[in-house]
Amino acid sequence: MSGGRRLASLLGAAALLATTCAPAHAQGWRERLRRAAETAGQVARTLLPISTDKEVEIGRGVAATIAGRYPVSQDEKLTAYVNLVGLAVAGEAPRPDIAYRFAVLETPDVNAFAAPGGYIFITRGSLNLIESEAELAGVLAHEVGHVNRRHVIEQIRKADVMREVRDQAGLTGDMLDRVVGQGANVLFTGLSRDDELEADSLGVEYAASAGYTPAGLAAFVTKLGQHGSEGPLAELTATHPRPGDRIDRLNRIAGRIGAGGATLAERFRQYVLPGKR
């Protein structure tokens with residue numbers, strides 16, 4: 001018997017015992033037990049395991065949804081460069097079962113997205129705000145952190161739509177489309193504050209381990225705070241913790257790692273900034 005069903009069974013037995021033995025004034029307690037048993041049953045039903053293969057399949061659909069919302073850059077040199085940096089930091093993440101892919105979205109909006117299965121996007125608006133390869137590495141490493149910890153997949157597992165799925169064989173056809181839609185909605189409306197802060201910590205760690213200065217992500221988030229009132233930042237501001245809440249924490253993490261590491265501002269300008277490639 002699974003943990004969830006066992007808990008539900010024990011709570012159900014406790015509720016039955018309360019019904020037969022307790023006086024009338026215990027009605028409130030019996031009702032609370034009944035509700036707890038129902039909740040335990042719901043949790044057991046919604047926490048369906050999702051394998052890496054199915055994660056990649058869901059992520060492919062989410063990535064297609066993102067690419068349908070924003071055009072994907074056809075600049076081969078830029079795409080190759082972003083993949084070079086992204087794969088460097090992804091190589092420090094303990095998910096050898098994932099093949100990471102990176103792409104640039106042609107929109108002035110400042111944002112980045114991490115679809116399940118390793119499909120990661122950064123917008124042209126973000127690239128225009130970034131000033132060094134270390135900052136780019138920090139942003140991409142943050143997104144790799146989301147994939148590494150399966151943040152979107154965990155939100156999908158808890159979603160109401162998953163209550164209709166008995167096993168992974170049911171994640172096909174229309175049901176798969178609904179799950180993909182749930183995953184895209186999670187990205188567009190935002191992950192939890194805890195998920196974002198965890199990705200921050202991992203992003204600093206991965207970037208530093210790949211040889212970049214650990215201060216890169218903090219430098220980018222500082223720019224977010226400086227330009228927070230500008231239109232292109234509206235979506236990112238709505239879906240991420242306030243920059244002020246992140247900067248001190250990022251600086252503390254970077255301080256523990258220590259100084260050193262590459263910045264590579266000139267190489268970034270060569271490949272990314274208009275007129276410099």
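Here are some questions and answers on salt bridges and one pair of strands in this structure. This is a predicted model, where local features need pLDDT of at least 70, side-chain atom pairs count only at pLDDT 80 or more, and totals for chains, interfaces and linings use all residues. Residues are numbered from 1 along each chain as its sequence is written, and side-chain values use heavy atoms, with hydrogens and water left out.

Q: How many salt bridges does a search of the whole structure find?
A: Side chains of opposite charge can pair when their charged atoms come close. Here a salt bridge means a side-chain nitrogen of Lys or Arg within 4 Å of a carboxyl oxygen of Asp or Glu. Searching the whole structure on that basis gives a count of 14.

Q: Which residue meets Lys54 in a salt bridge?
A: Look in helix 3, residues 52–69 (helices are DSSP runs of H or I, at least four residues, and strands are runs of E, at least two, numbered from the N terminus). The partner lies in that helix too, 3 residues from Lys54, or about one turn. The N to O distance is 2.9 Å, and the partner is Glu57.

Q: Is Lys54 buried or exposed?
A: Buried means under 20% relative accessible area, exposed means over 50%, and partly exposed is in between (1.4 Å probe, protein chains only). Glu57, at 30%, is partly exposed. Lys54 has a relative accessible area of 11%, so Lys54 is buried.

Q: How far apart are the closest N and O atoms of Asp160 and Arg163?
A: Asp160 counts as exposed at 54% relative accessibility, while Arg163 counts as partly exposed at 40%. The two form a salt bridge, and their closest N and O atoms are apart by 3.5 Å.

Q: Where do Glu266 and Arg269 both lie?
A: Their side chains meet in a salt bridge of 2.9 Å, N to O. Glu266 is exposed at 52%, and Arg269 is partly exposed at 31%. They sit 3 residues apart, about one turn, in helix 13 (residues 265–271).

Q: Which residues do salt bridges that share partners join into one network?
A: Sharing partners is what links these salt bridges together. The joined residues are Glu55, Arg95, Asp97 and Arg150.

Q: Which residue in strand 3 stands opposite Ala103?
A: Strand 1 (residues 101–105) is mostly covered, with 4 of its 5 residues buried. Strand 1 pairs with strand 3 (residues 119–123) in the parallel sense over 5 bridges; pairing takes at least two DSSP bridges between two strands. Opposite Ala103 in strand 3 stands Phe121.
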